[in-house]
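Subject: Structure handover

Hello,

Here is the structure for you to look at. My notes on what was found in it follow below.

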Amino acid sequence: VPDLQGPRYVSPAPSGGFVVSEECGDVKVFTSSRKLLCSLSRKYGHRFGNPAGVCVDVDGSILVADEQRRTVHLFPEHGAPICLVSTGLRRPAGVACSSFGHLFVADTGENCIK
């Protein structure tokens with residue numbers, strides 16, 4: 001996939017596509033044929049500080065850790081973004097979702113997983 005602005009983290013999506021966070025402050029969703037499906041900034045009107053880790057949960061919602069804003073947001077396929085974590089993070093970098101609905105956040109500011 002060409003023309004990304006500082007790609008950082010990537011995650012597969014259930015549809016066979018994938019999600020990429022970019023240093024420039026955006027998160028992009030691609031189809032399985034590597035075509036841009038959407039920009040989360042544009043689709044949701046959301047301003048990222050410094051998006052880092054991305055993952056997709058079992059419902060197809062995209063989760064994004066924002067290092068600068070110290071948050072984790074969930075972007076459902078339909079509806080408005082939901083801030084899942086807004087306190088207690090110093091520098092959230094990586095995120096992962098378990099099949100049991102658990103969210104794991106790698107906090108590099110505190111050298112731990114939360």
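Strands β9 and β10 make a hairpin in this predicted model, with five residues between the two strands. Gly101 sits in that turn and has a positive phi of about 90°. The two strands run antiparallel, and five bridges join β9, residues 92-97, to β10. Within this pairing, Gly94 of the hairpin stands opposite Ala106 in β10.

Following the chain past β10 (103-107), there is a loop that leads to β11 (112-113), and Gly109 lies in this loop. Gly109 has a relative accessibility of 22%, so it counts as partly exposed. Setting aside residues up to four places away in sequence, Gly109 touches Arg90 and Arg91. Its C-alpha is 20 Å from that of Cys97, with the two residues twelve apart in sequence.

The loop between β10 and β11 also holds Asn111. Asn111 has a positive phi of about 55°, although it is not a glycine. Its relative accessibility is 71%; the cut-off for exposed is over 50%, so Asn111 counts as exposed.

Arg70 is another non-glycine residue with a positive phi, here of about 60°. This residue is found in the loop between β6 (62-66) and β7 (71-75). Arg70 has a relative accessible area of 45% and is therefore partly exposed.

Thr71 lies in strand β7. Is Thr71 buried or exposed? The threshold for buried is under 20% relative accessible area, and Thr71 has a relative accessibility of 9%, so it counts as buried. With neighbours within four places in sequence left aside, the contacts of Thr71 are as follows:

- Val64, Ala65 and Asp66 are among them.
- Cys83, Val85 and Ser86 are also in contact with Thr71.
- Leu89 and Pro92 are in contact with Thr71 too.

Next, the sheet at the start of the chain numbering. Four strands form an open sheet in the order β1-β2-β3-β4, and the pairing is antiparallel. β1 (7-12) and β4 (36-39) are the edge strands, each pairing on one side only. On average, neighbouring strands of this sheet are turned by 20° against each other, direction ignored. Inside the sheet, strand β2 (residues 18-22) and strand β3 (residues 26-30) run antiparallel and are joined by five bridges. Val20 has Lys28 in β3 as its bridge partner.

The last item is the largest pocket. Its volume is about 260 Å³, and 16 residues line it. Which residues lie nearest the centre of the largest pocket? They are Val29, Leu37, Gly60, Ile62 and Glu77. The elements that give two or more residues to the lining are β4 and α1 (40-44). Of these, α1 gives the most, with three residues. By residue class, the lining of the largest pocket divides as follows:

| Class | Residues in the lining |
|---|---|
| Nonpolar | twelve |
| Polar | two |
| Charged | two |

In β4, then, two topics meet: the strand is an edge of the four-stranded sheet, and it is also one of the elements that give two or more residues to the pocket lining.

Regards

Notes. Residues are numbered from 1 along each chain as its sequence is written. This is a predicted model: local features need pLDDT of at least 70, side-chain atom pairs count only at pLDDT 80 or more; totals for chains, interfaces and linings use all residues. Side-chain values use heavy atoms; hydrogens and water are left out. Two strands pair if DSSP finds at least two bridges between them. Axes are lines fitted to C-alpha atoms, for helices over the stretch in contact, and angles run from 0 to 180 degrees between N-to-C directions. On a 1 Å grid over the protein atoms alone, a cavity is a set of points where a 1.4 Å probe fits but cannot get out, and a pocket is an open set with protein on both sides within 12 Å along at least five of seven lines; lining residues have an atom within 4 Å of a point. Grid points are joined across faces, edges and corners, and a volume is the space filled by probe spheres set on the points. Ala, Val, Leu, Ile, Met, Phe, Trp, Tyr, Cys and Pro count as nonpolar, Asp, Glu, Lys and Arg as charged, and the others, Gly among them, as polar. Buried means under 20% relative accessible area, exposed over 50%, partly exposed in between (1.4 Å probe, protein chains only). Contact means heavy atoms within 4.5 Å.
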